[in-house]
Amino acid sequence: MKGTIRRRSPLVAVLYTVPLVCEAITSALDGIADVRAFPAKRMDSLGLLSSIQPDAVVVDDPIEAAEVRSWANSQDTPLVHICLRQRTIKVLRNGDWEESAGASVESIRNVVAGSMYARGGVPS
Amino acid sequence: MTRTRVLVADPLGIFRAGVYNLLSRESDFAVVEAVDFDRVQSLVETQCPDIALIDLDLPPGGGVAALQWLHEHCNTRTIAWSFDPAQDVVLAAVRAGASGYLRKDISPDGLVRALRGLVAGQAPLSHDIATLMIDAIHQHRDRERTEDRLSALSSRECEVLEQVAGGALNRQIASELTISEFTVKRHIQNILGKLGVRSRREAAEFYRAAMSQLASIGDPS
């Protein structure tokens with residue numbers, strides 16, 4: 001329609017080692033963002049992220065989180081690390097990890113959505 | 001169509017949600033969730049589930065206690081799951097009544113197949129856990145053989161063998177046990193015969209290996 005600006009939904013990339021995490025996140029972010037899931041530890045995650053330019057990244061693996069950290073920081077892209085064994089989530093803010101309340105689906109949704117809104121990545 | 005009622009007992013919301021979302025797409029499953037053992041008990045009071053998927057870190061007492069309780073109170077078929085299954089934990093879960101054991105990094109399709117397989121009477125075990133179980137059975141058999149060989153020795157012969165394994169000479173053993181060297185030699189001859197080994201060095205190696213084996217495996221009962 002003339003005069004209407006269509007913006008794509010924000011894109012959240014999930015780099016996972018535990019596939020059921022994707023099941024939960026996809027549902028939690030339904031209506032908020034498009035979720036694309038990629039198996040972690042498959043080499044060149046940074047190249048993948050550079051190509052798809054997500055609005056936020058979620059990882060469930062500490063090694064992957066460390067690898068993605070500098071890229072996310074340089075791109076000002078929200079990065080959320082779900083620490084499954086510790087049952088916590090960490091959010092990268094200003095280059096540092098901040099631990100957030102428990103790893104419930106709701107808290108993950110809130111952290112991801114909040115980070116994207118703070119960055120201005122969620123369209124109205 | 002009767003749906004298979006699946007109880008997902010897991011302290012981590014993301015796993016409960018993951019299983020719930022996955023099975024909601026399947027027409028043959030209905031899911032109930034429990035965050036801890038108290039919730040498991042209250043759900044079971046209402047209706048026993050057909051299948052229970054139990055996290056081994058389920059609060060407050062761990063998943064093995066929950067498996068045991070379910071086994072005693074329901075006909076529910078249970079599956080234990082965890083991140084990094086250790087052999088003793090897998091065995092404890094099976095002894096507590098688990099019909100299967102899955103890793104938490106299982107694929108969604110794999111989980112659905114495992115649950116349907118359980119309904120059909122199969123025992124879901126991933127390949128690495130099946131290997132773990134077979135290793136455990138072999139170790140159990142080896143342990144029984146070792147115990148059989150050791151049980152053939154008298155208590156005095158065991159004392160002598162322990163000294164031999166520690167590198168003691170006959171004279172030192174005689175002094176330690178307050179017996180003659182001649183008696184020590186006779187004990188050692190008997191030990192070699194009963195163990196079926198040719199030398200005191202072989203006997204010492206057997207004893208050290210046996211002690212290590214018996215110490216590394218939990219009580220199989």
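Domain bounds, as used here, are those of an automatic or database domain assignment. For chain B of this predicted model, that assignment gives domain 1, covering 4–125, and domain 2, covering 134–216. Taken over C-alpha atoms, the centres of domain 1 of chain B and domain 2 of chain B are separated by 45 Å.

Chain A comprises 4 helices and 6 strands, and its elements, read from the N terminus on, follow the order β-α-β-α-β-α-β-β-β-α. Of the 124 residues in chain A, 40% are buried. When contacts in chain A are restricted to residues at least 6 apart in sequence, 44% of them join residues at least 24 apart.

In chain B, strand E4 (residues 77–82) and strand E5 (residues 100–103) run parallel and are joined by 4 bridges. The connection from E4(B) to E5(B) passes through helix H4 (residues 87–95) of chain B, and the resulting β-α-β crossover is right-handed. Within this pairing, B:Trp81 has B:Leu102 in E5(B) as its bridge partner.

The largest nonpolar core contains 79 residues, among which A:Ile108 and B:Leu53 touch the most other members. The greatest contribution to this core comes from helix H1 (residues 13–24) of chain B, which supplies 7 residues. A second core, separate from the largest one, consists of 10 residues, including B:Val160, B:Val184, B:Ile191 and B:Tyr207. When neighbours within four places in sequence are left aside, the contacts of A:Ile108 in chain A are A:Ile25, A:Ala28, A:Val80, A:Ile82, A:Ile89 and A:Ala103, while in chain B the residue is in contact with B:Ile14.

Between the two chains, 15 residues of chain B are in contact with 16 residues of chain A. On the side of chain B that touches chain A, H1(B) again gives the most, here with 8 residues. Divided by class, this side of chain B is made up of 9 nonpolar, 4 polar and 2 charged residues. Helix H1 of chain B is thus the element that gives the most both to the largest nonpolar core and to the side of chain B that touches chain A, and the contact of A:Ile108 with B:Ile14 joins a residue of chain A to one of chain B.

Key:
Residues numbered from 1 in each chain as written. Chains lettered and ligands numbered in written order. Predicted model: local features only at pLDDT ≥ 70, side-chain atom pairs only at ≥ 80, totals over all residues. Pairing = 2+ DSSP bridges. Helix = DSSP H or I, 4+ residues; strand = E, 2+ residues; numbered from the N terminus. Right-handed = clockwise from strand over helix to strand, strands pointing away. Core = buried A, V, L, I, M, F, W, Y, C linked by C-beta atoms within 7 Å. Buried ≥ 20, exposed ≤ 12 C-beta atoms within 10 Å, placed from the backbone. Contact = placed C-beta atoms within 7 Å. Nonpolar A, V, L, I, M, F, W, Y, C, P; charged D, E, K, R; others polar.
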